[in-house]
Structure formats: C-alpha cells, structure tokens
Protein chains: 2
Amino acid sequence: MPVNTLTETTPLTLNEGNATSPKGFRGAGIHCGVKREKADLALLVSEVPASAAGVFTTNKVKAAPVRYTQRAIAGGRAQAIVVNSGNANACTGDAGLADAAEMADVASKALGLDADLVLVASTGVIGVPLPMDAIRSGIPRAARELSSDGTAAAAAILTTDNFPKTAATRLEIDGVEVTIGGMAKGAGMIHPNLATTLCFLTTDASVPPAVLRGALKRAVSESFNAITVDGDTSTNDTVLLLANGRAGGPSITNGEALRRFTEGLTRIASELARMVVRDGEGATKLIEIAVEGAASDLEARQAAMTVASSLLVKTALHGGDPNWGRILAALGRSGVEMNEATTDVSFGELLVVRGGLGVSGVSGAAAAVLEEKEISVRVGLGVGDGHARVWTSDLSEEYVRINGSYTT
Amino acid sequence: MPVNTLTETTPLTLNEGNATSPKGFRGAGIHCGVKREKADLALLVSEVPASAAGVFTTNKVKAAPVRYTQRAIAGGRAQAIVVNSGNANACTGDAGLADAAEMADVASKALGLDADLVLVASTGVIGVPLPMDAIRSGIPRAARELSSDGTAAAAAILTTDNFPKTAATRLEIDGVEVTIGGMAKGAGMIHPNLATTLCFLTTDASVPPAVLRGALKRAVSESFNAITVDGDTSTNDTVLLLANGRAGGPSITNGEALRRFTEGLTRIASELARMVVRDGEGATKLIEIAVEGAASDLEARQAAMTVASSLLVKTALHGGDPNWGRILAALGRSGVEMNEATTDVSFGELLVVRGGLGVSGVSGAAAAVLEEKEISVRVGLGVGDGHARVWTSDLSEEYVRINGSYTT
C-alpha cells in the first residue's frame, strides 16, 4: 500500500489506509476464475446499512453493472459492494443485465442482506458473457474471508494496474474522529479491455443520502473529473461512496461540519485520482496543468483539459521538450476567451512565455524542469479570475505498444 | 508527383497535375536559407488578377501570415501567393506581422504587382523571428525561376512530409474545358513545429469571389475539415483558392455549372486531404470512418470524428486489433443520439457488431481486414438518416518518437 503523501497545511491527520479503515467496514479479495491467476473478485461490506451515493460514466454505452447499480442506489441506501475484474459485462445485452442482478443476489444471500442493499461493479474485457459459474462459487468464498484488512479487496479490483491505489484520512468533525478511506483502479487498457476507472470510498461519518450525493459530486469534480489519460470515457466508470455512521458523531448536514467532510473526501478522491494518472499506461510523468486568469472557472477547466489532452503537448512533455508553442496552440483552440498577448506560461516556477512571446535564454533551464517525474505547467490567461487545476500523464511509445497489441 | 487515383464514375477526366495545371498559373520553389538545405520558399502566380477565397485556422492563436492574409483577401482579389517553410512566423508579435507584410511587399515588387494582390503563408518553427535577410534575397530569385512546372513549388512548401501532395482534374463546364489543380503540405510536427496544413488551389474557371467562397467552404468541409491526424489545430492552417478565368468560359455563378465546379473542387481537395492523412507522422494506414443512420448529418460527423480521434481506436487499428468495444465506447461518449441495441459496426464489408452485440466467429476474418493499408470502418446508428465520412490515420509508436524528440 503506498504511503499517503498529502502534505497540505489544513489540520487533517493523514495516515496509510484504505477502504476498510473507517469503522465498521470489512473487505475481501480472492481469485474465483474470471482471470487466469490473479485476484478477480472483491467484496466491501458495512456492518450496518449505510447512506450511499454514486457517480457513473456519462457514456451512452453503459455496462450492465452500471445500469444495475444506478437503479439499486437510487434509494440512497446500501450495505455491500461486489466487484469483479477481468470481465466488464459490457455490450452483453439483456443477459448481461441478468448476470449483474444475479451477482447482487448471490452476494446478498452469502452476506445475509437484502439484495437491494448490494451494489455491483465490473471491469475488464467487453462483449464477452460473465463466467457466472466462477462468480457464483466465488462470492460465498469471498464472504467467508471478510476481514478488517482492505488490501486484498484493493488488489482484486485491478486489471493492468502496476500498483494498488488506496488512501485514507482521519479528521475531527464536531469533536468526533471521523475516517474516510478508499480504493481505486486505473486506466488499464490492454486488449480488449477499456480504460475503466473504479473507485470505492467509505466513511464512518453519519451523512444523509442527499447530502452525501452533493459531497461526492463535488469531490469527483475536483478529482476523477479533473484527470485525463487518453480522453476516452469507459462504459464502466463508477465511483461509489458508503457512509455508515459508526464513528458515532452527529449527522453531518451543513455548515463547517459539511465543509470539513467534503474537503476530506475531496482530498482522498484527488489522491486516488492522481495515483490513477501516475499509473496510466505507459505513463512516466504526472503532469499538473494549472490555469488562472480565465474568464470563469469553467473556462479555466476547459482550457486546462484541452492542454492536458493534446497529443502534441503530451508527447513533448514525454520527450522533455519545452515546446511552449504547442501549449499556446492548444489554448487557442480550446474555445475559451484568450488573447496570446496576455498569456503567460511557466514550467514549474520558470516563466517561459510572457505576453505570448517566448522568454529568451531559458530553454536549457526549461528542459531541465521537464526532466522531473512530476511537472507543473502553469498558464495565466490574463482575462479574468477563473482558475482550475487538472492532472494528466505524458504519452509514451509504451502507451501505443500496450494499446496496439492484439492479444486475444 | 503521385499518380492521381480518383476513379469515381462521374465524367471528370483526371490527370496528373498540380497547382500550375490550370491555364495562366506559374510556380517556383527554391532554397533561400530558412532551412539548412531543403527548398523553403515557393511562389504561385497568376498572369492576371484572380478571384480569391480562403479558409483559415479557427485557432485563436493565429500566426502573423494568417492575420495578414485574412485582411489581404477580404476584397476577393489576388494574383500571387508567397510561402515559406521552416519558420511559421507564429507567436512573434508585432514584429512578425511587419515581417509578413514585408514578404508581400518584396514579392509584389519582384513580380511587378500591387502589394495588396499578394497573399502570404508560412509553416515551421514557432516563436522564432523569420530570417528576413534570406527571405528578402530569396523572393526576387524565386520570381526569376517562375515556370509552368509546379513541382518545385509543391516541394518548397513541405516540412517533414515524406512526399509532395499534388492533384489536378479537368472537367467540361458549359462546353468549356476547365482545370482545377492544387498542392498541399501535411501534418509534419517534428519539434518544434506544429502540425500545419497548407493547401493552395487554383483554377482557370471564371468564378466571382462570393461564389468562390461558397464553393471553397463546401469543398473544405468535405475534405480538410473531415480529416484528423492528432486532433490539434495549428496556428497556421490555411487553404487558399485563386480562380483566374483563363479557360475562357462564362462566369460560373449558379445551377449545374456551379454544382459541377464545386464537385470537382471537392474531389481535388479531398484527394489532397487524404494524402495529408496518409503522410501523417508515423501513420501506416489510411482509415475511413463512415457513419450512417445518425439523427442528422451533423451528428453523423460528430460521431465519426469522435471515433476517428479516439486514441484507443487508433492504436487498436494500428495493431490490427478488431476491438469493436472501443468503437462503441467512442460512439457512446460522442454526444450524439445513439442506442447500443440499434448500432451495427463493419470492418470493410465484414459485419462485426449487430445490434450492439459482437457477431460470433468473425474475429479472425476481422483481424485479416485490419491488416490492409486502407481500412474502412462503417457504423450504422439506426436512429435516422444522417451520414458522414471522415479520414484518419492509425497511431503508432513512431508518432510518439517523432513528436517527443527534443531537437533544438
């Protein structure tokens, strides 16, 4: 489990941890036979029914588990999540939807819960029926292995990820210690998988469903919706959050308590999202694109995302090439209000473009900045007060090799 | 000069040719010293003032020659185009604009024309002042080398292109033989260049400026605006069209004459645009994405362009991987009306997806289709009558190598 490296100055106590760090959550991860060898089935269970919120892919082609879970979570209550990796159960028609429902049903029986308290997620190959025999026999076995150690669950949701992605934080809200934890999987896309992001967040705070939805929406906007690896949106992307109230504090509904809870949630989601980018296929660098001085925050986000998605920018940063013209060109086509004569660009603290013109004599220093593994590109548009920050990876030959290989 | 391969059944007589094939046009291409060795300065001149129309980059960061030529062409008349390669004269501020104006001025004196009849274009490194000494001495030398052979001009506008791009066609309009020709340069982006598309079209037809603008807009919509190599839009993209009337026919203003002229123009522009894709950096395949059954032509275009721009699709096609799930996922996020249950996908004539589900037993045959150098992907959305066709290239490791290398 990676050390959590958040070091901001706000009074959050950060710790190593994962989705079972909050009180009253248990997890399990096993190999059931969807994949050949690696763990492929995870359970995450709360000891009591929890408030639940979810954010799902905007792709019109939605995998069966996404459609199933969108309905199951509508009431705002859930107690367990069952996840398989190795098969996305996407583009599988009505049979796929029946399989997703059966996954929930089998899990509910194994756990002794109502079926409508079980949420489902899948990731992996698309267009292939789920191997239900493996899933049916696997779920009861996973239920018997539930424990307070969330590491096996975090491993079982991975596909081509190079490392598990977990984080947790403790914070005091209304005098009570509350824990927020989570696990994620990233953009693993070896044929014939799609890039799927899954993230499962947990907390022992007590938060009503409607409030929880708002907090999750805000946290995802600043984290999983602020990253791009290759611009594709999967059929299976899912972020789920369970809040079981076992910390014992009063219900969080508004004011300073909600502000602190949302801040903590956002930081955990951001940390997991950045891990996903860092582990992007073929990625060698984590790149932050920060835009300020835009006409609005929305325009700043749009400008930052256009730069972050530009193949020319991503290949230049991969090659350590301080090619600021590509950044200006991406800003120029982003559709936002901008004027090259008021645009500044910095690599880290080094100003390379002032008022649309290259600063002379800095290309050597700029190339040195771009040798780093974590790069910050800062853009000032000089037309307003809008600002935004997004994260992306570089684009390497390795990305093409991974995604072009025919491996069926 | 590549053999023109248009073979449609309409009664156009196609021939090898280029921008000097129409009557009354001469061209020249020389090395003046912007680049180290290769030709870098081109002239294209009509013996009489011509109707002129242009289409320019929509990027808000526009190179100086784009801004200069947009103003110069506003009156709809021009007689000469001067082009340098090796330096884009972009992000060069007021000095760059003065340099573009001086290029036109020097050319007008060398050619004995009014300066406002000269258009300017540039492509190459950005953020670096034009070497005006080389340009000043080069233009009169190029003027002395003008001839009816357009091949030197076609070579002098290239940057990292692997081959010159020229085409021409003859057609009878109102009983008069009219010729349309052109030359283009493609998406050469070795550091620190940007992907710039330049295209110069000529015709000896007589067409008033307002009509010419409409025909060019239509032709570009079906050609240069229907291709994508990497989704970036350059600061310098320019398509110019001169019509000098030397064929001697009546003025083309409407009806069947205009329809035939626009059709011929569109076919030459399409041929040049496909050459640009075929010569995309690292491209090994020319891929046509045809969408039908969309809610509108506009939605069909949007769906086709989303598929054509998807890195996951482009890498899969590079690797010969019949991964139709990536195509469905791209359609699903394209924002158009679609429903996976009514969506079909074919590779060439081979149906691989019927009603959103994979056709079984065809993956071997599909992989064989994808071995070809020219691939057609056909999508039926089944929701309306809209259709569109766009072209793209595959995405190879070579693309990343070319664009990530630091070569200053």
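Student: Are H8(B) and H9(B) roughly parallel or roughly antiparallel to each other?

Tutor: Roughly antiparallel, because angles over 145 degrees count as such (under 35 is roughly parallel, 65 to 115 roughly perpendicular, the rest oblique). A quick word on the source: this is a predicted model, where local features need pLDDT of at least 70, side-chain atom pairs count only at pLDDT 80 or more, and totals for chains, interfaces and linings use all residues. Residues are numbered from 1 along each chain as its sequence is written, while chains are lettered from A and ligands numbered from 1 in the order in which they are written.

Student: How do I read helix packing in general?

Tutor: Two packed helices are described by the angle between their axes and the distance between the axes. Here, helix H8 (residues 311-318) and helix H9 (residues 324-332) of chain B pack at about 160°, axes 9 Å apart. Axes are lines fitted to C-alpha atoms over the stretch in contact, with angles from 0 to 180 degrees between N-to-C directions. Helices are DSSP runs (H or I, at least four residues), as are strands (E, at least two), numbered from the N terminus.

Student: Which residues of H8(B) and H9(B) make the contact?

Tutor: B:Leu312, B:Val313 and B:Ala316 meet B:Arg326, B:Ile327 and B:Ala330; contact is C-beta atoms, placed from the backbone, within 7 Å.

Student: And strands: which ones does S11(B) join?

Tutor: Strands pair if DSSP finds at least two bridges between them. S11 (residues 286-294) of chain B has 7 bridges to S15(B), running parallel, and 7 to S16(B), running antiparallel. B:Ile287 is bridged to B:Ile375 in S15(B), and B:Glu288 sits opposite B:Trp391 in S16(B).

Notes
Two residues are in contact if their C-beta atoms, placed from the backbone, lie within 7 Å.
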